[in-house]
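Trainee: I am new to this structure. Please take me through one part of it closely, and show me what surrounds that part.

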Amino acid sequence: MSDLFMRFPQGKGKALTLSYDDGVEQDAQLLSIMNAHGLKGTFNLNTGCYAEEGTVYPAGQIHRRMPESKVTELFVNSGQEIAVHGLTHPWLEQLPEPMMMRELIADRENLERQFGTIVRGMAYPFGTFDDRVVEGVRRAGLVYARTTIASHGFKIPADWLRLEATCHHNDPALRELTQRFVEEKPERDSWLFYLWGHSYEFEADDNWQVIEAFAQETGNRSDIWYATNIQIYDYVQAFKRLEFTVDGSRVYNPSVLTVWFVKDGRMIEAKPGVMTACA
C-alpha cells in the first residue's frame, strides 16, 4: 500500500485561520489579540458601506463601521488578508445578474485600489447564496467564498466556493472543538480549524474573553501553521499540482511554494521547480 497525505509548511499537521466581517471599530481590538498570539486571518469588507470620515457614533451603538482611512490604517501591512464582502452587504441571491456582479467586482476593485493588492477571496453577506451567486463569484475571479455553515470539523475544504467554517465563535461546541484540535494529533489528513464571526459581537455579548481564551489556547504553538484564508487555499492548490512518477519514486513541484507531504510514513519536502526523490 502507498499512502500520501498533505502536510502544512515545515511538515505541520494542523493549520488555523480566522475570518471576520464588516470592517467595524472592534476589529482593532480583535487584531491586537490576534497579533499577541500569532494568529492570522481574513477581514471581509464592504467598501460601499464605509462610514463618512469624522463619523461620531451615538453612545450605545454597537455596530460601528470604520471610515476608509481607519480601515487602511488598521490593515495595511498588518499581515492579514483583506477580502470581498459585497459592495453594500446585500442579499446577493435576490439581485438581478448585473447588480450582483457589480456588488462583487466593484468591492474587489475598490479593495485592490485601496490596498495595492490582488483580492481573490470573499465571505457571503448574511451567509446566503445559491448556484447562480456561486457562479458569479467564480466569474468575478474570486477563488474562495466563506459561508456561515459550521462543519464542526477540521477537514480541508472540498468546495472552496461554498467554504464551510469549523464554527462561529459563539458556537456551544467551540470549547470542545478547541480542546480536541490542540490536544489531538492528525493520523492521516491534515487538520484546519476555521473560526469566523463579527468582532462587534464581542462587545454586544460582553464576551471578549471568548476570543482571548481561544487565542491563548491555540496561539503561538510550534505544531500549528497560522495563515490567512488565501494562504491556505494557495498551499492546498500547490499540493494538488504536484506531479508524481507512476511508481511514486519522484515528484515535481511546478508551483512557487515549497510543499510538504507524508509518503509511506516518510516526510517529504518538495521544493518549487525541482524534481525530488520520495522513495
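Mentor: Here is a close look at helix α2 and then at its neighbour α1. Keep in mind that this is a predicted model.

Start with α2, which spans residues 68-75. Its buried residues are V71, L74 and F75. Look down the helix axis: these buried residues fall within an arc of 80°, so they line one face of α2. What lies over them? The cover includes two helices, α1 (27-36) and α3 (97-115). It also includes the strands β3 (41-45) and β4 (81-84). After α2 comes N77, with a positive phi near 60°.

Now follow L74 across to α1. A28 sits in helix α1. A28 and L74 are 46 residues apart in sequence, yet their C-alpha atoms are 6.8 Å apart in space. Is A28 buried or exposed? Its relative accessibility is 36%, so A28 counts as partly exposed. The cut-offs explain this: buried means under 20%, and exposed means over 50%.

Helix α1 has another partner, α7 (residues 208-218). Two packed helices are described by the angle between their axes and the distance between the axes. Here the angle is about 20°, and the axes are 9 Å apart. That makes α1 roughly parallel to α7, because angles under 35 degrees count as such. The crossing is right-handed. On the α1 side, Q29, L30 and I33 make the contact. On the α7 side, W208, I211, E212 and A215 do so. By type, the residues of this contact are five nonpolar, one polar and one charged.

Technical notes
Residues are numbered from 1 along each chain as its sequence is written. This is a predicted model: local features need pLDDT of at least 70, side-chain atom pairs count only at pLDDT 80 or more; totals for chains, interfaces and linings use all residues. Side-chain values use heavy atoms; hydrogens and water are left out. Buried means under 20% relative accessible area, exposed over 50%, partly exposed in between (1.4 Å probe, protein chains only). Helices (H or I, at least four residues) and strands (E, at least two) are DSSP runs, numbered from the N terminus. The arc is that of the directions from the helix axis to the C-beta atoms. Contact means heavy atoms within 4.5 Å. Axes are lines fitted to C-alpha atoms, for helices over the stretch in contact, and angles run from 0 to 180 degrees between N-to-C directions. Angles under 35 degrees count as roughly parallel, over 145 as roughly antiparallel, 65 to 115 as roughly perpendicular and the rest as oblique. A crossing is left-handed if the near helix is turned anticlockwise from the far one by less than a right angle, and right-handed if clockwise. Ala, Val, Leu, Ile, Met, Phe, Trp, Tyr, Cys and Pro count as nonpolar, Asp, Glu, Lys and Arg as charged, and the others, Gly among them, as polar.
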